[in-house]
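Hello,

Here is the structure I promised to pass on to you. Have a look at it first, and my notes follow below.

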Amino acid sequence: MKIMIIGATGMAGSAITSAALERNHTVIAIGRSTEKLATLPTNPNLTTRAVDAFQLTASDLQAVDVVVDAMASRPDQAYLHVDLATKLVALTRNQTSPRLVFILGAGSLTTGDDAHLFVKDIESDPANAPFVAIPQNQLAELTFLKTVTNVDWVGISPAADFHAGPAVPAILGTDQLLVNAAGVSATNSGTMAATVLDEIEQPKHHQSRFTVANK
């Protein structure tokens, strides 16, 4: 399968790139930095492109089977999450391919007895003020995606603590923040990558979001 990964040099994107190559997929890695792209694994199935994702065209997307949006942003440009999702959807309306896969945040998941959005907990801690715009805009991104019925998209959210680490056994859910048996809500980048590739290879979710956590 031919997979385009936007944000391929970031924490999630690089893990997904490595996992896709390990499973013998053809990967087009998109990133803004030539230097960072050069740090990705050397592999005959990997092509790198140093280009702003907003410059991608419809023909670029139609040349692949799947587009994974793993773009990261600075908090002061968190609106780009919504903007890029809007662009990708606009370029793929009423088409069966490519499939769009969005790496979303945990803030749009529900938690607690009252099933409130986890972003409310993030917002309530003043220490999170410097980066709270990111989960807020990732919630807006999902809100937009839920209105899209003529594109084959899927969103995947990690647990509360999303960090670099190897793939470990996972638990899956739908819209509720997951906590494992030890009371930990965490997702390794490798766990996310394995889940993304599993979903790409054997699609089970369409026009919906699900969540993954370390077991």
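**Two helices and the core around them**

Helices α1 and α7 are oblique to each other, because an angle of roughly 55° between their axes is neither under 35 degrees nor within 65 to 115. Please keep in mind that this is a predicted model. The two axes come within 8 Å, and α1 passes α7 in a right-handed crossing. On the α1 side, Met11, Ala15, Ile16, Ala19 and Ala20 meet Ser189, Gly190, Ala193, Val196 and Leu197 of α7.

Two of those residues lead to the largest nonpolar core, which has 28 residues: Ile16 and Val196 are among the members that touch the most others, along with Ile3, Val68, Val101 and Ile103. Elements giving two or more residues to this core include β1, β5, α7 and β12, while α1 provides the largest share, six residues. Beyond its neighbours within four places in sequence, Val196 contacts Ile16, Val68, Val101, Ile103 and Ile156. Apart from this core lies another, of 25 residues, including Ile28, Val67, Met71 and Val151.

Then there is α4, residues 80-92. Its 13 residues should span 18 Å at 1.5 Å a residue, and the C-alpha atoms at its ends are 18 Å apart, so the two values agree. Among the buried residues of α4 are Leu80, His81, Leu84, Lys87 and Thr92. The elements covering its buried residues include β1, α3, β4, β5, α6 and β8. Just after the helix, Asn94 has a positive phi of about 60°.

Enjoy exploring it!

Technical notes:
Residues are numbered from 1 along each chain as its sequence is written. This is a predicted model: local features need pLDDT of at least 70, side-chain atom pairs count only at pLDDT 80 or more; totals for chains, interfaces and linings use all residues. Side-chain values use heavy atoms; hydrogens and water are left out. A nonpolar core is a set of buried Ala, Val, Leu, Ile, Met, Phe, Trp, Tyr and Cys residues joined through side-chain atoms within 4.5 Å. Buried means under 20% relative accessible area, exposed over 50%, partly exposed in between (1.4 Å probe, protein chains only). Helices (H or I, at least four residues) and strands (E, at least two) are DSSP runs, numbered from the N terminus. Contact means heavy atoms within 4.5 Å. The expected span of a helix is 1.5 Å times one less than its number of residues. Axes are lines fitted to C-alpha atoms, for helices over the stretch in contact, and angles run from 0 to 180 degrees between N-to-C directions. Angles under 35 degrees count as roughly parallel, over 145 as roughly antiparallel, 65 to 115 as roughly perpendicular and the rest as oblique. A crossing is left-handed if the near helix is turned anticlockwise from the far one by less than a right angle, and right-handed if clockwise.
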